[in-house]
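Q: I have a model with a bound ligand on screen. Can you show me how to read it, feature by feature?

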Amino acid sequence: MVRHESGKPVAIGIHDLALATSQHSLSLTDLADHYGIDPAKFSVGIGQDVMSVLAGDEDIVTMAADATARILERNGTDGIRTLLFATESGIDQSKSAGVYVHKLVGLPATVRVVELKQACYSATAALQFAVGLIARDPSQKVLVVASDVARYDLGSSGESTQGAAAAAMLVQADPAILEVENAAGVFTDDVMDFWRPNYRSTALVDGKGSIKAYLNAIGGAWEDYRAQGGAAFEDFAAICYHQPFTKMATKAHRHLAVLAGGNPTPAEVAADLDETMRYNRLIGNSYTASVYVALASLLEHHDGDLTGARIGLASYGSGSVAEFFGGVVQPGYRERLRGAEHAAMIERRTPLDHTAYEVLHKTTLPEDGREYRTARETTAPFRFAGMQAHQRLYETA
Ligand code: CAA
């Protein structure tokens, strides 16, 4: 165990957490109207009200750069040696999207960058890898950046569970927000519940099978967590789940509660998770970012003081890998939160009508190397300007 000179073990975890989302949004009531179905299927049945929709000049890089720039504005770049970029919706088979972010936010050349992939899970792997790097050298800091756009075919059952967001975290020793505890439970199972072959921009999914796979994997991760000496279910003040749609989190929470010997009512489950689901209800699925959006939502909506409380994080990536781990909320964490910033970011999105949403959904990028320029739409600090000779172009807005 790495220790301070005082002999105390070094606490490592999340020092700052910033979110970014899209320029536009689509109300799920409008989506329900378009298909002539009861809006309650979305608001109650899957637990979603609105989803974030990217403008034509936004992508995973622009959202990630936005969130990362705000982390650097507050904390500077001193000590940062690594940027880990987690995504399901990668933009290049070879180059890490994080390298574009590295340039856009002005990180020094002495920061290594790599991209990690395992559907919605990889940001959790990145966080654990960051903790490992810092345990070796507590003077180093790591940026963990998760950024995704969840896209399914128009008219498919997955369409209502789309969304987009990025979460950037500064991970370091003596963190101000959440110390990541050592015990972690993991579970891997080769299952085809959700996948996206290289030639597709929208995911394929076995909807009902994916719900079962999620529950099975999160249960497996929980049991491994307990076997690794992890805390008991009742020792958690709250648990943040991966939220492809918020109803999924309620199914997962009930599943873990039953495994732990409980039998909560739907109202008890809803009350337990309410604060963790507020942002996700309005953003939709953000794949790798989703569980960290849930963490921000909890910390930023909880009225009381959570200092010293243990928070569970339940991460799931189809295909599949799940991980359950705990973190302890740090003294003074409230001063580091970005509640007003995040609320304003969600509030300022432009609601699209269904026609405009469909046009954006159907927009494709050239695959023949011809020059292509995007129209200026986003009001975010960075924009995707287009393509030239098969290269993506980014600029400061
Ligand atoms: N009022 C209230 N509730 C209603 C309703 C109404 N009028 N109509 C339907 N419902 C309820 C249903 O009873 C159902 O509830 P339960 O699941 O609690 O039984 C719920 O609304 C959904 O209804 P359906 O099952 O009929 O909906 P669907 O067939 O359209 O599919 C879905 C739902 C499978 C989630 C689909 O949206 C989907 O495939 N989404 C993408 C896959 C996904 O998100 N999977 C989650 C696990 S995988 C994962 O987590 C990784 C990831 O990020 C993708």
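A: Start with polar contacts. A polar contact is a pair of N or O atoms within 3.5 Å. Keep in mind that this is a predicted model.

Q: Which atom of the ligand does a polar side-chain atom of Asn-285 lie close to, and at what distance in Å?

A: An oxygen atom of the ligand, with 2.9 Å between the two. Lys-247 also has a polar side-chain atom by a ligand oxygen, 2.8 Å away. Asp-38 pairs with a nitrogen instead: an N or O atom of its side chain is 3.0 Å from a nitrogen atom of the ligand.

Q: How much of the ligand does the protein bury?

A: Compare the ligand alone with the ligand in place. Alone, the ligand exposes 1,100 Å². The protein buries 74% of that area.

Q: Which pocket does the ligand sit in?

A: The ligand occupies the second largest pocket.

Q: Which residues around the ligand come nearest?

A: Here a residue counts as near if one of its heavy atoms lies within 4 Å. There are 25 residues around the ligand, and the nearest are Lys-41, Ser-157, Lys-208, Ser-210 and Lys-251. Sorted by class, the shell has 11 nonpolar, 9 polar and 5 charged residues.

Q: Which helices each supply at least two residues of that shell?

A: Helix 2 (40–46), helix 6 (207–227) and helix 7 (246–259).

Q: Now the rings. How many aromatic pairs does the structure hold?

A: The structure holds 12. Take Tyr-100 and Tyr-394. Their ring centres are 5.0 Å apart and their planes meet at 55°, so this pair is tilted. The cut-off for edge-to-face is over 60 degrees.

Q: Why does the pair tie together parts that are 294 residues apart in sequence?

A: Look at where each ring sits. Tyr-100 belongs to helix 4 (residues 97–104) and Tyr-394 to strand 17 (residues 391–396), so the pair links parts 294 residues apart in sequence.

Q: What should I look for in the backbone?

A: Look for exceptions to two habits. Most residues other than glycine have a negative phi, and most peptide bonds are trans.

Q: Where is there a cis peptide bond?

A: Between Gly-319 and Ser-320, with omega about 0°. Ser-320 is in the loop between strand 12 (310–317) and strand 13 (321–329).

Q: And what is phi of Ala-119 near?

A: Near 45°, which is positive in a residue other than glycine. Ala-119 lies in the loop between strand 5 (112–116) and helix 5 (122–136).

Notes. Residues numbered from 1 in each chain as written. Predicted model: local features only at pLDDT ≥ 70, side-chain atom pairs only at ≥ 80, totals over all residues. Heavy atoms only, no water. Polar contact = N/O pair within 3.5 Å; in protein donor to acceptor, adjacent residues only side chain to side chain. Areas by Shrake-Rupley, 256 points an atom, 1.4 Å probe, with all protein chains shown as cover. 1 Å grid on protein atoms, 1.4 Å probe; cavity = no way out; pocket = protein on both sides within 12 Å on 5 of 7 lines; lining within 4 Å. Sits in = over half its atoms within 2 Å of the grid points. Helix = DSSP H or I, 4+ residues; strand = E, 2+ residues; numbered from the N terminus. Nonpolar A, V, L, I, M, F, W, Y, C, P; charged D, E, K, R; others polar. Phe/Tyr/Trp six-rings, centres within 6.5 Å; stacked < 30°, edge-to-face > 60°.
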